[in-house]
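I opened this entry to look up the surroundings of the ligand. Two loops went on the list as well.

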Amino acid sequence: MNQLISSVAQKMSGTVTVPGDKSISHRALIMGSMAVGETVIRGLLEGEDVLNTAAAMRALGADIYRDDEGCWHVHGVGVGGLHEPAGALDMGNSGTGARLLMGLVSTYPFSSTFIGDASLSSRPMKRVTVPLEQFGAEFHGSENGTLPMTVRGTGSPLPISYDVPVASAQVKSAIMLAALNTPGITTILEKKPTRDHTERMFSFFGVETTTTPQNGGRLITVTGQPELTARNLVVPGDPSSAAFPLVAALITPGSDITINNVGLNPDRTGLFTTLIEMGARIDLLNEREECGEPVADLRVRHSTLKAITVPEGRAPSMIDEYPVLCIAAAFAEGTTVMRGAEELRVKESDRISIMVKGLRACGIEVEEFDDGMAVTGNGDKPKGGALVETHLDHRIAMSFLTLGMQSEKPVTVDDGSVIETSFPIFRSLMNGLGASIQADGEEKQ
Ligand code: S3P
């Protein structure tokens, strides 16, 4: 096991840039592979999840390589040009990679088998196989609808009209990607808006797509079988990764840090809005746009936080940030209530029960609900001192290491290696700002 221990930090200071956005990185590789010509991607996240998507796209026919300057070059095959992979597609820990690519290949006349690690192999896939069957694809896997699973794609797909029953950008995107190689117009209704990176990326590459607000949700159309032009892309920094140094600075007295180039897509900024309502001192500097996505630098200072009830409708825009919000909430005066987030139960782990267990082990008062939790802070430093089980979940690991920075006793996570999936430089970036996160048995720097 690769235990990591986080001990008290004096203050956080300095300027950093977080790695590229995970959601956008997956989509940039996939869309570059579907265009004709060379797409060059700067700022791609080089985490395990995205590298698995790159490997899968190579297996499906794209030519993808990294140059010495860290730019990624993708030579696409064009819509309709994918070929059958020789072996199973190993998506590792990534629900996004698995679900998006199951959608993509479902409208090609060949078979692909998807496999993943223990966490991914326990996550629900019926949410994508049900709509993808309507295009004409067939799925053969375990009875409870989990990986490993073989997709037998269809050579004569029919466009569908589908109301997405869960708030899931992955499901929406799987359908949109299946629609790419389907003649005619596919229509998707999402009741609650979820991150729109696929919509933005489709427009950027020249897919005819529309989005219309409808009863608080969105109606999306995709016109299939377009000819896509290769584009150059710059991936903004991941707001979900920025969340960790940001919360660390908020809870650590004397802190003043700047995080450069953070993506601020409005479908992703629920955590920042929530923290500002709690009293966080976060300043947006140098606001700009990069390849169709809003971006800014964030100055973050230590802040006195007060508890709030997070609006339930905000959940999709901060769904990956509840674990680290629980940590901020432990330092806020009063009870922070987080509900309407039942999707947390089917992430890389059951993030509600795992957070509740870990927070209690660290001496923090927390109440568990079916769809969320309530965390109470009382102004004192949490006790800490626990060994927290991360269950192959990178965000659980990073959240508890952030907690250890201001606990009375160090906090240990049982397996830090899973952080590689989304934020490979997490430890060096945090320690460079003033954290003290060590591997088991390593000397303190
Ligand atoms: C993602 C969508 C979200 C999020 C995940 C990435 C994506 O999941 O939790 O980390 O890139 O589309 P949902 O499918 O639940 O929206």
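I sorted the shell around the ligand by residue class and got 3 nonpolar, 4 polar and 5 charged residues. I counted Ala, Val, Leu, Ile, Met, Phe, Trp, Tyr, Cys and Pro as nonpolar, Asp, Glu, Lys and Arg as charged, and the others, Gly among them, as polar. The model is predicted, so local features need pLDDT of at least 70 and side-chain atom pairs pLDDT 80 or more, while totals for chains, interfaces and linings use all residues. Residues are numbered from 1 along each chain as its sequence is written, and side-chain values use heavy atoms, without hydrogens and water.

I listed the residues around the ligand (a heavy atom within 4 Å of it); among them are Arg-27, Arg-195, Asp-320, Glu-343 and Lys-347.

Next I looked up polar contacts (for the ligand, a pair of N or O atoms within 3.5 Å). A side-chain N or O atom of Ser-168 is 2.6 Å from a ligand oxygen. Backbone N or O atoms also take part: one of Ala-169 lies 2.8 Å from an oxygen atom of the ligand, and a polar one of Gln-170 is 2.9 Å from a ligand oxygen. The protein covers 96% of the 380 Å² of accessible area that the ligand has on its own (Shrake-Rupley method, 1.4 Å probe).

I then asked where the ligand lies relative to the domains. Domain 1 (4–20 + 236–439) and domain 2 (22–234) both give residues to the shell, so the ligand lies between them. The domain bounds come from an automatic or database assignment.

Last, the loops. The peptide bond from Leu-147 to Pro-148 is cis, with omega near -5 degrees. Asn-215, a residue other than glycine, has a positive phi near 45 degrees.

Conventions:
A polar contact is a pair of N or O atoms within 3.5 Å; within protein, one must be able to donate a hydrogen and the other to accept it, and residues adjacent in sequence count only if both atoms are side-chain atoms.
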